[in-house]
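Dear colleague,

I am handing over the structure we spoke about, together with a written account of what a geometric analysis of it turned up. Please read the account with the coordinates open beside you.

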Amino acid sequence: MMWQIEWHFSNALSILNDCIIYFCIQFGRCVLFSFPVLALVLILRTTILKKAVFLKGMVWGIFLIVPFVGKLKLFYDNMLMCRLFMWWNNICIEYWQVRYGYLIGMIITVSLICWKHKKLHRLVSHMEKGRIDGQEIYINEMAVTPFTTGLIHTRTTVPKVILQNFQTEELKIILFHERTHIRLGHLWYYLLWDIIRVLLWLNPFLTVCRRFLKEDMEDICDRVTIQKNSKTAYEYGMLLLKCVKLLRAENIGLSATFAGEKDYRDAKQRFVRIANFTPYKKLKAFVFCICCAAMLMGMFLLVKQVSYPCYTENTDIVLMNDAGEMWTLYDSGELRSAFYADGQNVHIDRKAMDSILRNYNITESGFYLSFGGYMKIPGISGGGSLVYVDYSGENEKLIIPYWNRDADIATIIFKRI
């Protein structure tokens, strides 16, 4: 019993190490892949999509696919891709410092993000509560711009200085802007972006460019807010400018969601975009969003189609003699009729196996058979069982008990992830 416990523990540690290698290889490729994708998104949003507010925001959705491109078959089938990416496979497998270093980097990144969110949540939870038009808000003593936090239980904060200087109708528009972020799912988009930042933390530009993502979400929110309120684009822009001046008077720059970015040039560009507002048709925008989502799903399915599956069962059998010589018995109908493993015993049909051994010119009276197992991606595989076959007798049927490694819980989990 003790040796079985030790074996299970050792096997679990081995699979854990394989799991780290497996994901480190994939995410490392995704990091390298993310650089040109990010460059493409930045170019598109500043050129042909500059005035297409909704499409400019949706183009960021391409990054939802990036963490899944690590198993593309072209990394192994294409000579150029092999030269560009295979070096990463090698150092992840050979150097434990690389793979565990990547894991530690992910842990540090997620810890920092969680710490910031927890700090913000704690700050908001201690704020005084109030109401605007019957909706609960949190009153911020600091002169920072209104913002919304939380996913399930959202909390909208409004600075006290704005509550004291803005009329009720103006406060309603500010609150509507924040509620629009919630209805459009922007807070969930930011969460997804943070997850991508954690998985691909080696690309620092994903953190740097988060401000551009927020800027595009703000543009969408501005447009929806203007469309759904009685205020004109000019009046909305003046309200935003009034908010900026009031906060600056309190010696605070442009820092949070409603007031835009810290840089004056970015704020100016935001006012220009508001001034150029043109009404849009709600149905047309909805259909457009559905089409973009369908395209994104199509891209995801395409990536899955041209990638390696979760795992591939190994159906070949390796035969080894005592001298270390090996032969691969490739899967065939003849092999399946000669060899069968039911999870506890190996069943060998002597007549069918004799035919196979003659085909391979094998004359051994005793040999080992290695069978089962799986492949995640080329170079990353596991599982498999081993039995010794005493072939010196004359029995027509051989039944040999064996230890099924593929039935181990750690192996099953690794196969499925």
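Which residue in β13 does phenylalanine 367 stand opposite? The partner of phenylalanine 367 is valine 389, and I return to that pair below. Before that, please note that this is a predicted model, in which local features need pLDDT of at least 70 and side-chain atom pairs count only at pLDDT 80 or more, while totals for chains, interfaces and linings use all residues. Residues are numbered from 1 along each chain as its sequence is written, and side-chain values use heavy atoms, with hydrogens and water left out.

Strands and helices

Helices (H or I, at least four residues) and strands (E, at least two) are DSSP runs numbered from the N terminus, and two strands are said to pair if DSSP finds at least two bridges between them. β10 and β13 pair in the antiparallel sense, over six bridges. Along β13, which covers residues 385–390, the side chains alternate, with Ser385, Val387 and Val389 pointing to one face and buried, whereas Leu386, Tyr388 and Asp390 point to the other and are not buried; here buried means under 20% relative accessible area, exposed over 50%, and partly exposed in between (1.4 Å probe, protein chains only).

Four other strands form an open sheet in the order β1-β2-β4-β3, with mixed pairing. Its edge strands, each pairing on one side only, are β1 (128–132) and β3 (147–149), and the twist averages 40° from one strand to the next, taken between axes that are lines fitted to C-alpha atoms, for helices over the stretch in contact, with angles running from 0 to 180 degrees between N-to-C directions. Within this sheet, β2 (residues 135–140) and β4 (residues 155–159) run parallel and are joined by three bridges, and tyrosine 138 stands opposite threonine 157 in β4.

Helix α15 (350–359) precedes the loop that leads to β10 (366–371). In α15, Arg350, Ala352, Met353, Ile356 and Leu357 are buried, and because these buried residues fall within an arc of 160° when seen down the axis, they line one face of the helix; the arc is that of the directions from the helix axis to the C-beta atoms. The face turned away from the buried side of α15 carries the exposed residues Lys351, Arg358 and Asn359. Among the elements that cover the buried residues of α15 are α14 (333–338), β9 (345–349) and β10.

Nonpolar cores

A nonpolar core is a set of buried Ala, Val, Leu, Ile, Met, Phe, Trp, Tyr and Cys residues joined through side-chain atoms within 4.5 Å. The largest has 54 residues, and those with the most contacts inside it are Trp60, Phe63, Tyr102 and Leu200. Helix α1 (residues 2–46) gives the most to this core, with 12 residues. Apart from it lies another core, of 23 residues, which includes Phe367 and Val389, the pair from the opening question. As for tryptophan 60, if its neighbours within four places in sequence are left aside, its contacts (heavy atoms within 4.5 Å) include Leu38, Trp193, Phe212 and Asp216.

Salt bridges and backbone

A search of the whole structure finds 19 salt bridges, each being a side-chain nitrogen of Lys or Arg within 4 Å of a carboxyl oxygen of Asp or Glu. Arginine 210 and aspartate 194 meet in one of them, at 3.4 Å from N to O, and the pair links helix α10 (residues 210–228) with helix α8 (residues 186–199). Arginine 210 counts as buried at 19% relative accessibility, and aspartate 194 counts as buried at 5%. A network of salt bridges links Arg45, Lys56, Glu215, Asp216, Asp219 and Arg273.

Lysine 172 and aspartate 133 meet in a salt bridge at 3.8 Å, N to O. Lysine 172 lies in helix α7 (residues 168–183) and aspartate 133 in the loop between β1 and β2, so this pair ties together parts that are 39 residues apart in sequence. Most residues other than glycine have a negative phi. Aspartate 133, however, has a positive phi of about 55° although it is not a glycine, and asparagine 361 likewise has a positive phi, near 55°. Asparagine 361 is exposed, with a relative accessible area of 66%.

With best regards
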